[in-house]
Amino acid sequence: MSDYDYKIEVFLKDQIQRLSNPNILEFGVSEGRSTKMCLDICRKKSGKLFSVDIDDYSNLFSDKNWTFLKT
């Protein structure tokens, strides 16, 4: 497991899973690893994920719980 994946798993995922109906604003998508993790949680907890990036990553996921904003 990479250092980045470890930090997502240990620090971020634990915090987000505690929320009910999370609304998450993410800046920067890159490879979509944290995006996927957040989206999985949003699906299970009826939440929404909004991802913002200067590059177009809108094709990474097709999910009603995800809105991508290229800006």
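The buried residues of helix α2 are covered by, among others, α1 (3–17), β1 (23–27), β2 and β3 (66–70). Keep in mind as you look around that this is a predicted model.

**Helix α2**

Start with the helix itself. It runs over residues 33–44, and for its 12 residues you'd expect a span of 16 Å; the end C-alpha atoms sit 17 Å apart, so the two agree. The buried set in α2 is S34, T35, M37, C38, L39, I41 and C42. Just past the helix comes S46, which has a positive phi, near 55°.

**The cysteines**

Two of those buried residues are cysteines, C38 and C42. How many disulfides does the whole structure have? Zero. C38 isn't in one, and its nearest cysteine sulfur, on C42, is 6.6 Å off. Seen from the other end, C42 is in no disulfide either, with the sulfur of C38 6.6 Å away. A disulfide calls for sulfur atoms within 2.5 Å, so this pair doesn't qualify. As for accessibility, C38 is buried at 4% relative accessible area, and C42 is buried at 0%.

**Salt bridges**

The count of salt bridges comes to eight. Here are three of them, with the N to O distance and the relative accessibility of each partner.

| Pair | N to O distance | Positive partner | Negative partner |
|---|---|---|---|
| R18 and D14 | 2.8 Å | R18, 60%, exposed | D14, 32%, partly exposed |
| R33 and E31 | 3.7 Å | R33, 36%, partly exposed | E31, 57%, exposed |
| R43 and D40 | 2.7 Å | R43, 41%, partly exposed | D40, 23%, partly exposed |

The R43 and D40 pair belongs to α2, where the two residues are three apart, about one turn of the helix. Residues three or four places apart in an α-helix point the same way, because there are 3.6 residues to a turn. R43 and D40 are also part of a salt-bridge network that takes in K36 and D63.

**D53, a buried charge**

Now over to β2 (residues 48–53), the strand that holds D53. What is the nearest side chain of opposite charge to D53? That would be K70, 8.3 Å away, and buried D53 has no salt bridge. A salt bridge needs the nitrogen and oxygen within 4 Å, so K70 is out of range. The D53 side chain does reach the backbone nitrogen of D55, at 3.0 Å. Setting aside neighbours within four places in sequence, D53 contacts G28, V29, S30, F68, L69, K70 and T71.

Terms used. Residues are numbered from 1 along each chain as its sequence is written. This is a predicted model: local features need pLDDT of at least 70, side-chain atom pairs count only at pLDDT 80 or more; totals for chains, interfaces and linings use all residues. Side-chain values use heavy atoms; hydrogens and water are left out. Helices (H or I, at least four residues) and strands (E, at least two) are DSSP runs, numbered from the N terminus. Buried means under 20% relative accessible area, exposed over 50%, partly exposed in between (1.4 Å probe, protein chains only). Lys and Arg count as positive and Asp and Glu as negative; His and the chain ends are not counted. A polar contact is a pair of N or O atoms within 3.5 Å; within protein, one must be able to donate a hydrogen and the other to accept it, and residues adjacent in sequence count only if both atoms are side-chain atoms. Contact means heavy atoms within 4.5 Å. The expected span of a helix is 1.5 Å times one less than its number of residues.
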